[in-house]
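Please examine the sequence and the structure shown below. The paragraphs that follow lead through some of its features step by step.

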Amino acid sequence: MAVSVHAEHVGSLLRPGWLLEARARHRDGALTDAQLREAEDRAALEAIALQREAGIGVFTDGEVRRDSWMAGLMESVGGTVPASAQFPVEWHRRDSIPTAEETSLDFAAVSGKVYRKNALTSIEAGFLARHAPAGAPYKITMISSSMGAVLWQQGISSAAYASPADLVRDLVALQTTEIIELIDQGVGWIQLDSLGYNMAFDDEYRVSRGMGALPAEVILDTTIAADRSMIAAARRRNPDVTIGMHICRGNNRSAWMSKGSYEPVAERLFGEVEVDRFLLEYDTERAGGFEPLRFVRPGTVVVLGIISSKVPELESQDDLRRRIDQAARYVPLENLAISPQCGFASTAKGNLLTVDEEKRKLELVADTAQRVWG
């Protein structure tokens, strides 16, 4: 089933305004937990209906229960305290730099030994099992714990963990348990969102994140090791589980944070990280060309993120088909698929599109896939 899905999206969909209002009222104590859950369920049903109408091949709940794509670290892990980002991200749009207020995110720092304080993905999985169209695949998306070093701050975290690497080891163990539980719950498709590779192919970004003294190869080693560990555990639990990995260059209010070709990491990333599907940002020149795909292992599906979730303008279908043909020089056409380059709402406020524009983007994904693969 996973190989035959050629129309995919990364995971998050725009939250309706009434849901954002409900979440704000819940934070203020004006809405109960049960009332918030009812609102989230309604939004998830709308997200599923939108995907069905657009013709997308694998379903999510739109990630409508999350504050951001980083929920697996910032919302689901205990042993943390609210904190400012140690190295604030500099965001960029195609024609402007957004304000810090617009792109601000709630961050946390580890202050004690980490533990799982909720089962958010389990709730999502149970809902999708009940409400995704009969026979249709659904997937659970999650930030990879290989990125867990963002929770480590000197003076706050060092009493519990001597180094970021020590913290990441515990976070990987927690996420491995979570993945196994999801598989036991019946989940057959899991996607890791793993952006640590950005620091291995974008030197400027690595320096901005306070990692300038750490060689790119060391970051690549540790990121691959963490991701491989979780993937191997999932395979041991169920050899037939579909595992995807998404890599992009940041996505927040239609802005991006890093740039660079996959070339510096391609041989090791595509050769050693044994996922079934790579969902790769490819909507602009920031991601470079398709040449790095020559390292992709035979049989692996590459989902080309050649449609932008950041801007409302629709891409030319002729241009999309030409780009698919270009990628097919490196990966067999039957092992290609297409998607937007990232989610439409990696953060709760979402990108600068309307729901109708989002739907037209998804319809373009599905229609182009139908015309290319049938």
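Two aromatic rings, taken from Phe, Tyr or the six-membered ring of Trp, are counted as a pair if their centres lie within 6.5 Å. The model discussed here is a predicted one. In this model, the rule gives five aromatic pairs. One of them joins phenylalanine 270 and phenylalanine 278. A pair of aromatic rings is described by the distance of the centres and the angle of the planes. For phenylalanine 270 and phenylalanine 278, the centres are 5.0 Å apart and the planes are at 75° to each other, an arrangement called edge-to-face. The term applies because the angle is over 60 degrees.

Are these two phenylalanines buried or exposed? Phenylalanine 270 has a relative accessible area of 0% and is therefore buried. Phenylalanine 278 is likewise buried, with a relative accessible area of 0%. Both residues also belong to a cluster linked by ring pairs, which consists of Phe201, Tyr262, Phe270, Phe278, Tyr282 and Phe290.

One member of this cluster, tyrosine 262, has a further partner. Arginine 249 lies over the face of tyrosine 262, at 4.3 Å from the ring centre. A second arrangement of this kind involves arginine 65, which lies over the face of phenylalanine 127 at 4.9 Å from the ring centre.

The next topic is a helix and the way its residues face. Helix H11 comprises residues 317-327, and Gln317, Leu320, Ile324 and Ala327 within it are buried. Why do these buried residues line one face of the helix? Seen down the axis of H11, the buried residues fall within an arc of 75°, so they line one face. An α-helix has 3.6 residues a turn, so residues three or four places apart point the same way. The face of H11 turned away from the buried side carries the exposed residues Asp318 and Asp325.

Isoleucine 324, which lies in helix H11, may be considered individually. Its relative accessibility is 0%, so isoleucine 324 counts as buried. Its C-alpha atom is separated by 8.8 Å from that of valine 372, although the two residues are 48 apart along the chain. Valine 207, in contrast, is found in helix H8, residues 203-208, and is exposed because its relative accessible area of 55% is over 50%. The C-alpha atoms of valine 207 and glycine 188 are separated by 38 Å, and these residues are 19 apart along the chain.

Backbone angles provide another point of interest. Glutamate 63 has a phi near 60°, a positive value in a residue other than glycine. Glutamate 63 is located in the loop between H2 and H3, and with 4% relative accessibility it counts as buried. Arginine 253 also has a positive phi, of about 55°, although it is not a glycine. This arginine 253 is placed in the loop between strand E5 (242-247) and helix H10 (263-272). Is arginine 253 buried or exposed? At 16% relative accessibility, arginine 253 counts as buried, because the limit for that term is under 20%.

The account now turns from residues to the spaces among them. The model has three cavities of 30 Å³ or more. The largest cavity has a volume of about 180 Å³. It is lined by 18 residues, and those closest to its centre are Gly72, Leu73, Ser76, Val77 and Glu178. Elements that give two or more residues to this lining are helix H3 (71-74), H5, strand E3 (140-143) and helix H6 (164-184). The largest share, four residues, comes from H6. By character, the lining of the largest cavity divides into eight nonpolar, seven polar and three charged residues.

The second largest pocket holds about 1,100 Å³ of space. Its lining consists of 33 residues, of which Arg23, Arg27, Asp67, Glu75 and Asp106 lie nearest the centre of the pocket. Two or more lining residues are given by each of helix H1 (17-27), helix H2 (33-54), strand E1 (77-83), strand E2 (107-116) and helix H5 (120-131). How many residues of this lining are nonpolar, polar and charged? The lining of the second largest pocket divides into 13 nonpolar, seven polar and 13 charged residues.

Conventions
Residues numbered from 1 in each chain as written. Predicted model: local features only at pLDDT ≥ 70, side-chain atom pairs only at ≥ 80, totals over all residues. Heavy atoms only, no water. 1 Å grid on protein atoms, 1.4 Å probe; cavity = no way out; pocket = protein on both sides within 12 Å on 5 of 7 lines; lining within 4 Å. Points joined across faces, edges and corners; volume = space filled by probe spheres on them. Nonpolar A, V, L, I, M, F, W, Y, C, P; charged D, E, K, R; others polar. Buried < 20%, exposed > 50% of the residue type's maximum accessible area, 1.4 Å probe, protein only. Phe/Tyr/Trp six-rings, centres within 6.5 Å; stacked < 30°, edge-to-face > 60°. Lys NZ or Arg CZ within 6 Å of the ring centre and 35° of its normal. Arc of directions from axis to C-beta.
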